[in-house]
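Let's take a friendly walk through this model together. Have the sequence and the 3D view open as you read.

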Amino acid sequence: MGSPFAVSETRPGGTGSLTVDGVTYTATALVQLLQSLADALAAVDAAKASWQNALTQLRTLQARVLPVIRGYSNLLLAANGNAPATLADYGLTPRKAKTPLSTEAQAQANAKIEATRKARNTMGKQQKKQVKGTVPTSPAAPQAPTATTSPTPTPAPKPST
């Protein structure tokens with residue numbers, strides 16, 4: 001398979017042509033093509049920098065404004081209670097009341113909590129107070145190794161005749 005590049009004629013002045021994938025480019029046309037790519041890349045870099053700057057400004061502004069919006073929403077909820085029509089004018093909905101767990105669900109939740117505490121060996125303040133450390137007894141000064149000798153056999157008593 002042949003190369004996709006072909007150079008037809010080169011002259012000392014830089015004139016000539018280059019054929020790439022069947023398209024012939026003069027030196028000037030090739031420079032313009034590559035320059036257009038460089039310009040497009042520079043435009044992308046500038047747009048990205050501008051976007052990052054705008055994003056930073058948005059985050060800074062949100063950090064200042066969102067607590068004010070939350071506070072205002074809480075004020076409206078406190079002032080209007082559960083008046084859905086009034087709250088809807090502000091785009092808010094009344095807060096839902098918590099429904100207590102059934103006795104079975106609460107018993108299951110407590111059993112799960114206890115099992116988790118036991119598995120993790122988690123203790124409360126009072127339980128931690130009961131735990132006391134013990135200092136391991138250190139052995140007396142290490143004894144120097146003694147030379148081992150083989151025991152000498154004791155002679156058996158002679159039978160008296």
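## A walk along the chain

Of the 161 residues in the chain, 3% count as buried, where buried means under 20% relative accessible area, exposed means over 50%, and partly exposed lies in between (1.4 Å probe, protein chains only). The model is predicted, so local features need pLDDT of at least 70 and side-chain atom pairs count only at pLDDT 80 or more, while totals for chains, interfaces and linings use all residues. Residues are numbered from 1 along each chain as its sequence is written, and side-chain values use heavy atoms, with hydrogens and water left out.

How confident is the predictor? The chain has a mean pLDDT of 83, with 77% of its residues at 70 or more; pLDDT is the predictor's confidence in each residue, from 0 to 100. Among the elements, helix α1 (residues 27–80) has the highest mean pLDDT, 94, and strand β1 (residues 5–10) the lowest, 53.

**Overall layout.** There are 4 helices and 3 strands in the chain, and their order from the N terminus is β-β-β-α-α-α-α. Helices (H or I, at least four residues) and strands (E, at least two) are DSSP runs, numbered from the N terminus.

**Helix α1.** With 54 residues at 1.5 Å a residue, α1 should span 80 Å, and its end C-alpha atoms, 76 Å apart, agree with that. The expected span is 1.5 Å times one less than the number of residues in the helix. A bend of about 30° occurs in α1 at Ala-63, and the proline Pro-67 follows within four residues. The bend at a residue is the angle between axes fitted to the seven residues ending there and the seven starting there.

Which residues of α1 are buried? They are Ser-73, Leu-76 and Leu-77. Leu-61, also found in helix α1, is partly exposed, with a relative accessible area of 42%. Together with Val-65, Leu-66 and Ile-69, Leu-61 makes a nonpolar surface patch of about 300 Å². Patches are made of residues with over 30% relative accessible area and no salt bridge, with like charges joined within 9 Å and nonpolar side chains (Val, Leu, Ile, Met, Phe, Trp, Tyr) within 5 Å. A salt bridge is a side-chain nitrogen of Lys or Arg within 4 Å of a carboxyl oxygen of Asp or Glu. Accessible areas come from the Shrake-Rupley method with a 1.4 Å probe, and for residues only the protein chains shown count as cover.

**From α2 to α3.** Tyr-90 is in the loop between α2 (84–89) and α3, and is partly exposed at 44% relative accessible area. Its C-alpha is 10.0 Å from that of Leu-77, 13 residues away along the chain. Arg-95 also has its place in the loop between α2 and α3, and is exposed, with a relative accessible area of 54%. From Arg-95 to Asn-82, 13 residues apart in sequence, the C-alpha distance is 7.6 Å.

Helix α3 has 18 residues and reaches 26 Å from its first C-alpha to its last, close to the 26 Å expected at 1.5 Å a residue. Just after α3 comes Asn-121, with a positive phi of about 55°.

**Two positive phi values.** Most residues other than glycine have a negative phi. Two residues to look up in your viewer are tabulated here.

| Residue | Phi | Loop | Relative accessibility |
|---|---|---|---|
| Asp-21 | about 50° | between β2 (16–20) and β3 (23–26) | 62%, exposed |
| Asn-121 | about 55° | between α3 (103–120) and α4 (125–130) | 60%, exposed |
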